[in-house]
Amino acid sequence: MNRIEIFTDGACRGNPGKGGWGAFIRSNGKEESIYGGENDTTNNIMELTAAIKALEYLPENSRVVLTTDSKYVVQGITEWIENWKSRGWKTAAKKPVLNKELWQRLDHLTSLHSIEWQWVKGHSGHRENEIADQLANTGIDDL
């Protein structure tokens, strides 16, 4: 099975404000870009949306390495989500999980693929993360 590399980023101008998401996808030596934007959103929503849109773009049962500069996304999907589900989508403080519907979509998508999650420091010169950042900003510019 081919390994697909995905690099995602979200951006917001104002938080909340106009936001964009971007994903740079590399598979079989081919590179593709997808992006979009929303008028009234948050940075975290755009970070989640970038990962969701990228995974939805792939055929099921893909083997994926997904790299993001969002600790919120990586920690949420690899550390926090099982506890949220067991507590009925409540945080440890018994408050509703923010962006629950997006987390549920991402959780479902993780069941359709084999995913290795990686975090990279944003704005640190990482080529593919910089491309994903540019895509997210294009998503805002195109609104």
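Contact means that heavy atoms lie within 4.5 Å of each other. The exercises below use this term for a predicted model, in which local features need pLDDT of at least 70, side-chain atom pairs count only at pLDDT 80 or more, and totals for chains, interfaces and linings use all residues. Residues are numbered from 1 along each chain as its sequence is written, and side-chain values use heavy atoms, with hydrogens and water left out.

**Exercise 1. The chain as a whole**

Task: Describe the order of elements, the overall dimensions and the contacts of the chain.

Solution.
Step 1. Helices (H or I, at least four residues) and strands (E, at least two) are DSSP runs, numbered from the N terminus. The chain holds 4 helices and 5 strands, and from the N terminus on they follow the order β-β-β-α-β-α-α-β-α.
Step 2. The radius of gyration is taken over C-alpha atoms, and the globule rule is 2.2 Å times the number of residues to the power 0.38. For 143 residues a compact globule would have a value near 15 Å, and the chain agrees because its own value is 15 Å. Along the principal axes, the C-alpha atoms fill a box of roughly 45 × 40 × 25 Å.
Step 3. Of the contacts between residues at least 6 apart in sequence, 65% join residues at least 24 apart.
Step 4. Buried means under 20% relative accessible area, exposed over 50%, and partly exposed in between (1.4 Å probe, protein chains only). Buried residues account for 47% of the 143 residues.

**Exercise 2. The nonpolar core**

Task: Determine which elements build the largest nonpolar core, and examine I6.

Solution.
Step 1. A nonpolar core is a set of buried Ala, Val, Leu, Ile, Met, Phe, Trp, Tyr and Cys residues joined through side-chain atoms within 4.5 Å. The largest one has 31 residues, of which I6, L55, L66, W103, L106 and W117 touch the most other members.
Step 2. Two or more residues each come from β1 (3-14), β2 (17-27), α1 (43-57), β4 (63-68), α2 (71-86), α3 (100-112) and β5 (114-119). Helix α1 gives the largest share, 7 residues.
Step 3. Leaving out residues up to four places away in sequence, I6 touches F24, I25, A54, L55, L58, V64, V65, L66 and T67.

**Exercise 3. Strands β2 and β3**

Task: State how β2 and β3 pair, and describe the place of T41.

Solution.
Step 1. Two strands pair if DSSP finds at least two bridges between them. Strands β2 and β3 pair in the antiparallel sense over 10 bridges; G20 has G37 of β3 as its bridge partner.
Step 2. The hairpin of these strands has 2 residues between them, and N28 takes a positive phi near 50 degrees there.
Step 3. T41 lies in β3 (residues 30-41) and counts as buried because its relative accessibility is 3%. Apart from neighbours within four places in sequence, T41 contacts C12, N15, P16, G17, K18, G19 and M46.

**Exercise 4. Two buried residues and helix α4**

Task: Account for the burial of T8 and E47, then describe α4.

Solution.
Step 1. T8 is in strand β1 and is buried because its relative accessible area is 1%. Its contacts beyond four places in sequence include N129 and A132.
Step 2. E47 is in helix α1 and counts as buried because its relative accessibility is 4%. Beyond four places in sequence, E47 touches D9, G10, T68, D69, S70 and V73.
Step 3. The expected span of a helix is 1.5 Å times one less than its number of residues. Helix α4 (residues 127-141) has 15 residues and reaches 21 Å from its first C-alpha to its last, close to the expected 21 Å.
Step 4. Buried residues of α4 include N129 and A132, and the cover over the buried residues of this helix includes β1, β2 and β3.
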